[in-house]
Amino acid sequence: FIQASAFAAVPPASGELVVLVDTATEMPMSRFEHFQLVEGVHKDVGEALALALGKKVRFLALPRKRIALALEKGEADVLCGYQPDWLAGKFTWSQPFMTQVEVVLTDRGAVRPPVIGALASQPIGTVFGYRYPNLEHDLGDAFVRADAPSVELNLAKLSAGRLHHMSAILSWFEYRQRQGGVKIGLHPPLVVATHRTRCALSTHSALATRDLDRAIEKLLADGSMAAIEARYR
């Protein structure tokens, strides 16, 4: 039983796991049709967690600016693929289990930065509403954001020569390359940080953190998580 909900504030029912998904995420993490989640890592992980917990799954797709408040209000149980310093609000957090590699992409018309510090005072393509703690820390006041609604639009700006650098997740970049969606010459990605992301659990959820962690441990132990990650490589 898989149901996707869009912009609906229906509290979780008994026996279901409501998984919150940010509509700004893109493949391989998520693909939406009419604000319904139809494909991607978030869908596969949500389904696998629900199965391990013996629950039905319902996906709640919301814009980035609404996800933290929705989770705080208990409109969903979990939001996965985040770290505590990426999401403002009071939540409990699962153990880390999803790997994300944060990179900066630079077009070949510019000099590849050898280190993050070389990007000081240069505009970097970023996404509205997202935090970049590592770039903020390494560059300080010299971190110049060039915000766009999505990472895809930043790639378009890079291709048009309106930007020379952009932030991205390596899995997204590699997925786009395999799909033939990268039409511009780029330097090898500069790794900013490797993150082990978690699920944020609403304090209003009937699900206990220990039970969520047990479900995650099951996915790691039986190979389900590895199979999900391999599916999108």
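Which exposed residues does the face of α6 turned away from its buried side carry? In this predicted model, that face carries Arg210 and Ala221. The helix itself comprises residues 209-221. Its 13 residues should span 18 Å at 1.5 Å a residue, and the end C-alpha atoms are indeed 18 Å apart, so expectation and model agree.

The buried side of α6 is made up of Leu212, Asp213, Ala215, Ile216 and Leu219. These residues cover an arc of only 160° around the axis, which places them on the same side of the helix. Such a pattern has a general basis. An α-helix has 3.6 residues a turn, so residues three or four places apart point the same way. The buried residues of α6 pack against two helices, α1 (41-53) and α7 (224-231), and two strands, β6 (78-82) and β12. After α6 comes Gly223, which has a positive phi, near 90°.

Several of these elements meet again in the largest nonpolar core. This core has 28 residues. Val45, Leu49, Val78, Met98 and Leu212 have the most contacts inside it. Two or more residues each come from β2 (16-22), α1, β5 (56-62), β6, β12, α6 and α7. The largest share belongs to α1, which gives five residues. Another core, of 27 residues, lies apart from this one. Val103, Tyr132, Leu158 and Leu190 are among its members. In soluble globular proteins, nonpolar side chains tend to be buried together.

Val78 shows how the parts of the larger core come together. Beyond its neighbours within four places in sequence, Val78 is in contact with Leu17, Val18, Val19 and Leu20. Its other contacts are Leu71, Ala200, Leu201, Leu207 and Leu212. Val78 also stands opposite Val19, with Val78 in β6. β2 and β6 run parallel and are joined by two bridges.

β2 also pairs with β5, again in the parallel sense, over seven bridges. Within this pairing, Glu16 has Lys56 of β5 as its bridge partner. Seven of the seven residues of β2 are buried. Glu16, Val18, Leu20 and Asp22 point one way from the strand. Leu17, Val19 and Val21 point the other way. In a regular strand the side chains alternate between the two faces of the sheet. In β2, the residues pointing either way are buried.

A further strand is largely enclosed. Four of the five residues of β9 (residues 123-127) are buried, so the rest of the structure encloses most of this strand. β9 pairs with β10 (residues 144-148) in the parallel sense, over five bridges. Ile124 stands opposite Arg145 in β10. Together with helix α3 (residues 133-139), β9 and β10 make a right-handed β-α-β unit.

Burial is also seen in strand β12 (residues 190-201), where Thr197 lies. Thr197 counts as buried because its relative accessibility is 0%. Setting aside residues up to four places away in sequence, Thr197 touches Gly81, Tyr82, Gln83 and Trp86. Gln95, Pro96, Phe97, Met98 and Gln100 are also touched by Thr197. One of these, Met98, is among the residues with the most contacts inside the largest nonpolar core.

Notes:
Residues are numbered from 1 along each chain as its sequence is written. This is a predicted model: local features need pLDDT of at least 70, side-chain atom pairs count only at pLDDT 80 or more; totals for chains, interfaces and linings use all residues. Side-chain values use heavy atoms; hydrogens and water are left out. Buried means under 20% relative accessible area, exposed over 50%, partly exposed in between (1.4 Å probe, protein chains only). Contact means heavy atoms within 4.5 Å. The expected span of a helix is 1.5 Å times one less than its number of residues. The arc is that of the directions from the helix axis to the C-beta atoms. Two strands pair if DSSP finds at least two bridges between them. A crossover is right-handed if, with the strands pointing away from the viewer, the path from the first strand over the helix to the second runs clockwise. A nonpolar core is a set of buried Ala, Val, Leu, Ile, Met, Phe, Trp, Tyr and Cys residues joined through side-chain atoms within 4.5 Å.
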